[in-house]
Amino acid sequence: MTVGRFTPETTRLDDAARAGWLYYVAGNTQDEIARKLGVSRQSAQRLVAMAVSERLVKVRLDHPIARCMDLSQAILDKFGLQFCEVVPSDPEAPNLMAGAAIAAGAEIERTLKTDEERIIALGTGRALKATVEQVPRMHCPQHRVVSRLGNMMSDGSATPYNATIQLAERINAVQYPYPLPVLANSREELGTLFGQEAVRNTLSLCERADLTLVGIGQMDSTAPLFVDGFLTRDEIDEVQARGAAGEITSWIYDDSGEIIDCAFNRRVASAPLRPACDQRFIGVAVGPSKVRGIMGALRGRLISGLITSESTAEAILSAD
């Protein structure tokens, strides 16, 4: 049963927010929270955990970490980026995505905090999914969220890492899923698909985006395109032989950031990947396996901004 616009779910979130505030801000113990909210200690514990899982509570480190700031500035200077944020690394977990995801989520949140319409374009993949999970729930019907690539494999099954739908639902914004599969069956079919009005409109939104966030995929045997079944063994062998360094929204490029002329790229249905120029086009990537792909994207100016970790930044600066 609902009363007006309040539902059991919103009431539960309110209780979680109160519990989170009492625990993290006011410094109450879980026993004190239970007493103040009139619930059991176990319920108080669950409400505090819910406050964290629903991103109602944010942890922010107010002390500037000089090493990260120095690395960020060095990358800005070396590659002429518009934006770079370097987050601390866990020495025992170099692939940990949490810090970069929090920073990328904060970029989305900053873009959304305006009454004027904003267009946010997203890639897909693990990094973007982790990023969207860091965005707080908001009510932003004035904004639009658009995907730069499709969510379907050739057989019609959905890919598991679509970020556009998740973000749009999280912030109550209008969403524009990319109305094509990740790959066309042929170059000729691709030309026909691009002639559709819905596709032309989606591509126009991508071009006009105020903020674009993409992941950067590696092109070794752990390449997401290969692991997720988009590239066959023969195809990955071919692109590796042609010097594949990384991929962004399924476009495979070399160490100079040039899109490789190959059979796979001729079937990619994603929004075109070009030098970012004045666009706020930010790559989000962490870990040793990503360094070569990041380097290629930086050299080719495929991204105008980068969010990465301390250890990854160090590897980037020492690699070139």
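Biologist: Is Glu-109 buried or exposed, and at what relative accessibility?

Modeller: Happy to start there, and please keep in mind that this is a predicted model. Glu-109 lies in helix H5. Buried means under 20% relative accessible area. Glu-109 falls below that cut-off and therefore counts as buried, at a relative accessibility of 11%.

Biologist: Which residues is Glu-109 in contact with, leaving aside its neighbours within four places in sequence?

Modeller: Glu-109 sits in helix H5. With its neighbours within four places in sequence set aside, the contacts of Glu-109 are Lys-58, Pro-136 and Met-138.

Biologist: Let's step back to the whole chain. How many helices and strands does the chain have?

Modeller: The chain has 320 residues, and 48% of them count as buried. Its C-alpha atoms fill a box of roughly 65 × 45 × 40 Å along the principal axes. As for the elements, the chain has 13 helices and 10 strands.

Biologist: What radius of gyration does the chain have, beside that of a compact globule?

Modeller: A compact globule with 320 residues would have a radius of gyration near 20 Å. The value for the chain agrees with that expectation: 21 Å.

Biologist: What share of the contacts with a separation of 6 or more comes from residues 24 or more positions apart?

Modeller: Glu-117 and Arg-144 give one example of a pair linking distant parts of the chain, as these two are 27 residues apart. Counting the contacts in the chain with a separation of 6 or more, residues 24 or more positions apart account for 71%.

Biologist: Now the surface. What part of the accessible surface belongs to carbon and sulfur atoms?

Modeller: The accessible surface of the chain comes to about 15600 Å². The part of that area belonging to carbon and sulfur atoms is 51%.

Biologist: And the charges: how far apart do the centres of the positive and negative side chains lie?

Modeller: The chain carries 34 positive side chains and 40 negative ones. The centres of these two sets lie apart by 4 Å.

Biologist: How many salt bridges does a search of the whole structure find?

Modeller: Side chains of opposite charge can pair when their charged atoms come close. A salt bridge here needs a side-chain nitrogen of Lys or Arg within 4 Å of a carboxyl oxygen of Asp or Glu. Searching the whole structure gives a salt-bridge count of 16.

Biologist: Which residue forms a salt bridge with Glu-117, and where does that partner lie?

Modeller: The closest N and O atoms of the pair are 3.1 Å apart, and the partner of Glu-117 is Arg-144. Glu-117 is in the loop between helix H5 (98-112) and strand E2 (119-122), while Arg-144 belongs to strand E3. Glu-117 is partly exposed at 40% relative accessible area. Its partner, buried at 18%, is Arg-144 of strand E3.

Biologist: How many residues apart are Asp-228 and Arg-126?

Modeller: Asp-228 forms a salt bridge with Arg-126, with 3.3 Å between the closest N and O atoms. Asp-228 is in the loop between helix H10 (224-227) and helix H11 (233-241), Arg-126 is in helix H6, and the pair links distant parts of the chain. Asp-228 is partly exposed at 24%, and Arg-126 is partly exposed at 40%. In sequence, the residues apart number 102.

Biologist: Which residues do salt bridges that share partners join into one network?

Modeller: First, a separate pair: Arg-242 forms a salt bridge with Glu-238, the closest N and O atoms being 3.4 Å apart. Arg-242 counts as partly exposed at 47%, and Glu-238 counts as partly exposed at 27%. Salt bridges with shared partners make one network of Glu-107, Arg-110 and Arg-280.

Biologist: Which elements do the buried residues of H12 pack against?

Modeller: H12 is mostly covered, with 7 of its 9 residues buried. Among them are Val-291, Ile-294, Met-295 and Leu-298. These buried residues of H12 pack against helix H4, strand E7, strand E8, E10 and helix H13.

Biologist: Which residue just after H12 takes a positive phi?

Modeller: The loop between helix H12 (291-299) and strand E10 (305-309) holds this residue. Its relative accessible area is 48%, so it counts as partly exposed. Phi is near 55°, a positive value in a residue other than glycine. The residue is Arg-301.

Biologist: One last backbone question: what phi does Asn-172 have?

Modeller: Asn-172 lies in the loop between helix H7 (164-171) and strand E4 (174-176). With a relative accessible area of 42%, Asn-172 is partly exposed. Although Asn-172 is not a glycine, its phi is positive, at about 55°.

Key. Residues are numbered from 1 along each chain as its sequence is written. This is a predicted model: local features need pLDDT of at least 70, side-chain atom pairs count only at pLDDT 80 or more; totals for chains, interfaces and linings use all residues. Side-chain values use heavy atoms; hydrogens and water are left out. Helices (H or I, at least four residues) and strands (E, at least two) are DSSP runs, numbered from the N terminus. The radius of gyration is taken over C-alpha atoms; the globule rule is 2.2 Å times the number of residues to the power 0.38. Buried means under 20% relative accessible area, exposed over 50%, partly exposed in between (1.4 Å probe, protein chains only). Contact means heavy atoms within 4.5 Å. Accessible areas come from the Shrake-Rupley method with a 1.4 Å probe; for residues, only the protein chains shown count as cover. Lys and Arg count as positive and Asp and Glu as negative; His and the chain ends are not counted. The place of a charge is taken as NZ of Lys, CZ of Arg, CG of Asp or CD of Glu.
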